Amino acid sequence: MSEYVISVNSTVDLPREWLEERAVPVIPLKYTIDNETYDDMSGLTSKEFFQKLREGKMAVTTQVNPEQAKEGLEKIVREGKDILHLAFSSGLSGTYNSMRIAAEELKEEYPERKIIVIDTLCACMGEGLLLYYALKHKKEGMSVEELADWVEQNKLHVCHNVTVDDLHHLQRGGRVSKTAAVLGTMVQIKPIIHVDDEGKLQVIGKERGRKRSIQKIVDMSVERSKGWDNEIIMITHGDCPEDAEYLAKVVREKMGVENILINNIGTVIGSHTGPGVLAVFHMGGKR
C-alpha cells in the first residue's frame with residue numbers, strides 16, 4: 001500500500017501549529033483588505049484582521065484557482081505519495097472544482113499516483129473535525145480508498161451550529177435584507193445558522209440576546225448528537241475569546257464532553273461572518 005497524505009484547504013480554521021504537528025499540507029485561499037492581499041492563515045493576526053472589520057473595512061476573498069491547486073498538490077505527488085484532499089464546501093466556494101481539475105491533470109501526468117479530492121460540504125472547523133477523524137482512521141491503518149469511502153459516508157454527519165453578533169456582514173453577503181439587519185441589530189436579534197446538506201449557510205432561526213443564542217446552538221448540538229460518541233467538540237470564534245469560553249462551559253455542562261478545541265475563525269470565513277461569530281462543531285445524526 002502506497003504512503004498517502006491527507007491535505008486540506010486553509011478554511012479548516014485549525015491552529016497552524018496543530019496542522020504542522022500532524023504534517024497536514026494546507027492549500028490556502030486568499031483575502032484582500034486595505035488593498036493588500038494575503039494567504040489565509042498568514043499576514044494579519046486574527047486580532048488585527050477583526051479590528052479592521054470593526055473599523056468598517058471590507059475584506060474580499062478569493063477561491064483557490066486550478067493553477068494554485070495543482071502547484072499545491074504536485075509538491076506532494078513529487079514525493080511519491082498519494083493524496084486524499086478534503087476540499088472546502090462547493091456550496092460556498094469554487095475551490096473544490098479547482099482542486100478537482102488539478103487532480104485530473106496530475107493523474108494524467110503521474111498515472112501511478114492516486115489523487116482523490118472530496119467535496120466535504122463542510123466549512124471552517126467542520127472541515128477540521130472531518131480532518132481530525134480522518135487522521136485518526138489513517139493512523140489505524142485505513143487505506144486511501146477506505147478512508148475516502150469513510151469520509152463520503154460521514155461528511156453529512158458533521159454538524160455546524162452557528163450564531164453571529166453582527167447582522168451587517170450577513171447582509172453584505174446576501175443572507176439577510178438590509179432592513180432586517182438594521183432592525184435586528186437595534187433589538188439585539190442574533191441569527192442561528194447552520195450548514196445544510198448542500199454545504200450552504202442557512203439562517204434557520206433567531207434569538208434575542210447573546211446568551212440565549214449561545215444556549216440555543218448548544219441545545220441544537222445536544223439534540224443532533226444523540227446516539228453519537230463525540231470524543232472532541234470544536235468551537236470557533238471571531239475574536240471573542242470570553243464568549244467562546246462561556247460557550248465551551250455550556251457545552252461541557254450539557255454535552256458532557258471535556259475535550260474541546262477552541263480557535264479563532266480564519267480570515268477567509270471571518271470575512272463573511274464578521275467579528276463576534278460563535279460556532280460549535282460535532283458529529284451527529286443529521287445537520
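# Notebook: salt bridges, sheets and a helix pair

I began with aspartate 165, which is partly exposed, with a relative accessible area of 35%. A note to myself before going on: this is a predicted model.

**Entry 1. The partner of aspartate 165**

Which side chain meets aspartate 165 in a salt bridge? I found arginine 210, at 3.9 Å from N to O. The pair links distant parts of the chain, 45 residues apart. Arginine 210 sits in helix H9, residues 210–224. Aspartate 165 sits in the loop between strand E8 (158–163) and helix H7 (167–172). I then checked how covered arginine 210 is. It counts as buried, because its relative accessibility is 14% and the cut-off is under 20%. Its partner, aspartate 165, is partly exposed.

**Entry 2. Other salt bridges**

How many salt bridges does a search of the whole structure find? The search finds 26. I looked up two further pairs and a network.

Lysine 30 bridges to aspartate 39, with the closest N and O atoms 2.5 Å apart. Lysine 30 is partly exposed, at 25% relative accessible area. Aspartate 39 is also partly exposed, at 29%.

Glutamate 74 bridges to arginine 78, and here the closest N and O atoms are 3.8 Å apart. Is glutamate 74 buried or exposed? I noted it as buried, with a relative accessible area of 14%. Arginine 78 is exposed, at 60%.

Then I turned to the network. Salt bridges link Asp34, Lys52, Glu55 and Lys57.

**Entry 3. The parallel sheet**

In what order do the strands of the open four-stranded sheet run? I read E2-E1-E6-E7, with parallel pairing. Strand E2 (26–27) and strand E7 (115–119) stand at the edges. Each has a single partner strand, so one side of each is left without a neighbour in the sheet.

I followed the pairing of E2 next. Strand E1, residues 4–9, pairs with E2 in the parallel sense over two bridges. Asparagine 9 has isoleucine 27 in E2 as its bridge partner.

Aspartate 82 was my next stop, and it lies in strand E6. It is buried, with a relative accessible area of 2%. What does aspartate 82 touch, leaving out residues up to four places away in sequence? Its contacts include Ser2, Glu3, Tyr4 and Val5. Ile76 is one of them as well, and so are Glu112, Arg113 and Lys114.

**Entry 4. Helices across the sheet**

I looked for helices lying on these strands. Helix H4, residues 95–109, lies across E1, E2, strand E6 (82–87) and E7. It runs at about 165° to E7. Helix H6, residues 144–154, lies across E1, E6 and E7. Its angle to E7 is about 5°.

H6 also has a helix partner. Helix H5, residues 125–139, packs against H6 at an angle of about 150°, and their axes are 10 Å apart. The two helices are therefore roughly antiparallel to each other. H5 passes H6 in a right-handed crossing.

Which residues meet between H5 and H6? From H5 I listed Leu130, Tyr133, Ala134, His137 and Lys138. From H6 I listed Leu147, Trp150 and Val151.

**Entry 5. Strand E8**

I came back to E8, the strand before the loop that holds aspartate 165. E8 is mostly covered, with six of its six residues buried. In a regular strand the side chains alternate between the two faces of the sheet. I therefore checked the faces of E8 separately, and both are covered, with residues of each side buried. Val158, His160 and Val162 are on one side. Cys159, Asn161 and Thr163 are on the other.

Which strands pair with E8? One of them is strand E13, residues 278–283, joined to E8 by six bridges and running antiparallel to it. Asparagine 161 has valine 280 in E13 as its bridge partner. Strand E9, residues 189–195, also pairs with E8 in the antiparallel sense, over three bridges. Threonine 163 stands opposite isoleucine 192 in E9.

**Entry 6. Tyrosine 31**

My last look was at tyrosine 31, in strand E3, residues 30–33. Is it buried or exposed? I noted it as buried, with a relative accessible area of 0%. Tyrosine 31 and alanine 59 are 28 residues apart in sequence. In space their C-alpha atoms are 6.5 Å apart.

Technical notes. Residues are numbered from 1 along each chain as its sequence is written. This is a predicted model: local features need pLDDT of at least 70, side-chain atom pairs count only at pLDDT 80 or more; totals for chains, interfaces and linings use all residues. Side-chain values use heavy atoms; hydrogens and water are left out. A salt bridge is a side-chain nitrogen of Lys or Arg within 4 Å of a carboxyl oxygen of Asp or Glu. Buried means under 20% relative accessible area, exposed over 50%, partly exposed in between (1.4 Å probe, protein chains only). Two strands pair if DSSP finds at least two bridges between them. Contact means heavy atoms within 4.5 Å. Axes are lines fitted to C-alpha atoms, for helices over the stretch in contact, and angles run from 0 to 180 degrees between N-to-C directions. Angles under 35 degrees count as roughly parallel, over 145 as roughly antiparallel, 65 to 115 as roughly perpendicular and the rest as oblique. A crossing is left-handed if the near helix is turned anticlockwise from the far one by less than a right angle, and right-handed if clockwise.
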